[in-house]
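Here are some short exercises to work through with the model open beside you. Try each task before reading its solution.

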Amino acid sequence: MQSLRIETWTSAITVTTILPGYIDIAINEELGDRRPFLIDARLRARKIMDRVESGAHTAAVPRFPWALAAGLLRRAPDWMIARFRA
């Protein structure tokens, strides 16, 4: 998304990177209680649209804790992230 943002920098196109967290939809129901900070899909969509319409470059929805988590993940070494996936 950063590359696309740079390519469209001088145009009227605004690129927003969405960090959606867990959305309450059928595709992830099997995760059950392992979907922290879960909110309704319609509410999430409204919050995402608000952030896109505001011209935000990056939008974490909800902002806490996903904006914090994204910042930490960008700085974490690959080996550390791989350990959490196991």
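**Exercise 1.** With which residue does R46 form a salt bridge in which the closest N and O atoms are 3.6 Å apart?

*Solution.* Keep in mind that this is a predicted model. A salt bridge here needs a side-chain nitrogen of Lys or Arg within 4 Å of a carboxyl oxygen of Asp or Glu. Starting from R46, the partner is E53, with 3.6 Å between the closest N and O atoms. The pair therefore falls within the 4 Å cut-off.

**Exercise 2.** Find how many salt bridges a search of the whole structure gives, and work out how they are connected.

*Solution.* Step one is the count: the search finds 2 salt bridges. Step two is to look at R46 again, whose side chain also meets that of D50, at 2.9 Å from N to O. Step three is to put the pieces together: R46, D50 and E53 are linked in a network of salt bridges. As background, side chains of opposite charge can pair when their charged atoms come close.

**Exercise 3.** Explain why R46 and D50 are about one helical turn apart, and then classify the residues of the network by exposure.

*Solution.* Both R46 and D50 belong to helix α2, residues 41-53, and because they are 4 residues apart in it, about one helical turn separates them. For exposure, recall that over 50% relative accessible area means exposed, under 20% means buried, and values in between mean partly exposed. R46, at 43%, is partly exposed, and so is D50, at 40%. E53 has a relative accessible area of 57%, so E53 is exposed.

**Exercise 4.** Describe the largest pocket: its volume, its lining and the elements that contribute to it.

*Solution.* Begin with the volume, which is about 150 Å³. Next, list the lining: M1, Q2, R5, T17, L19, T58, A70 and R74. Then sort these by class, which gives 3 nonpolar, 3 polar and 2 charged residues. Finally, turn to secondary structure: α1 (2-7), β1 (17-19) and α3 each supply at least two of the lining residues.

**Exercise 5.** Which residues make the nonpolar surface patch of about 450 Å², and where does L68 sit?

*Solution.* The patch is made by F37, F64, L68 and L72. L68 is found in helix α3, which spans residues 63-75. Patch residues need over 30% relative accessible area, and L68, at 49%, is partly exposed.

**Exercise 6.** Place L31 and R83 in the fold, and give a C-alpha separation for each.

*Solution.* L31 lies in the loop between β2 (23-24) and β3 (39-40). With a relative accessible area of 24%, L31 is partly exposed. Its C-alpha atom is 22 Å from that of L73, a residue 42 positions away along the chain. R83 belongs to helix α4, residues 78-85, and is exposed at 65% relative accessibility. Between the C-alpha atoms of R83 and P62, 21 residues apart along the chain, the separation is 25 Å.

How values were computed. Residues are numbered from 1 along each chain as its sequence is written. This is a predicted model: local features need pLDDT of at least 70, side-chain atom pairs count only at pLDDT 80 or more; totals for chains, interfaces and linings use all residues. Side-chain values use heavy atoms; hydrogens and water are left out. Patches are made of residues with over 30% relative accessible area and no salt bridge: like charges are joined within 9 Å, nonpolar side chains (Val, Leu, Ile, Met, Phe, Trp, Tyr) within 5 Å. Accessible areas come from the Shrake-Rupley method with a 1.4 Å probe; for residues, only the protein chains shown count as cover. Buried means under 20% relative accessible area, exposed over 50%, partly exposed in between (1.4 Å probe, protein chains only). On a 1 Å grid over the protein atoms alone, a cavity is a set of points where a 1.4 Å probe fits but cannot get out, and a pocket is an open set with protein on both sides within 12 Å along at least five of seven lines; lining residues have an atom within 4 Å of a point. Grid points are joined across faces, edges and corners, and a volume is the space filled by probe spheres set on the points. Ala, Val, Leu, Ile, Met, Phe, Trp, Tyr, Cys and Pro count as nonpolar, Asp, Glu, Lys and Arg as charged, and the others, Gly among them, as polar.
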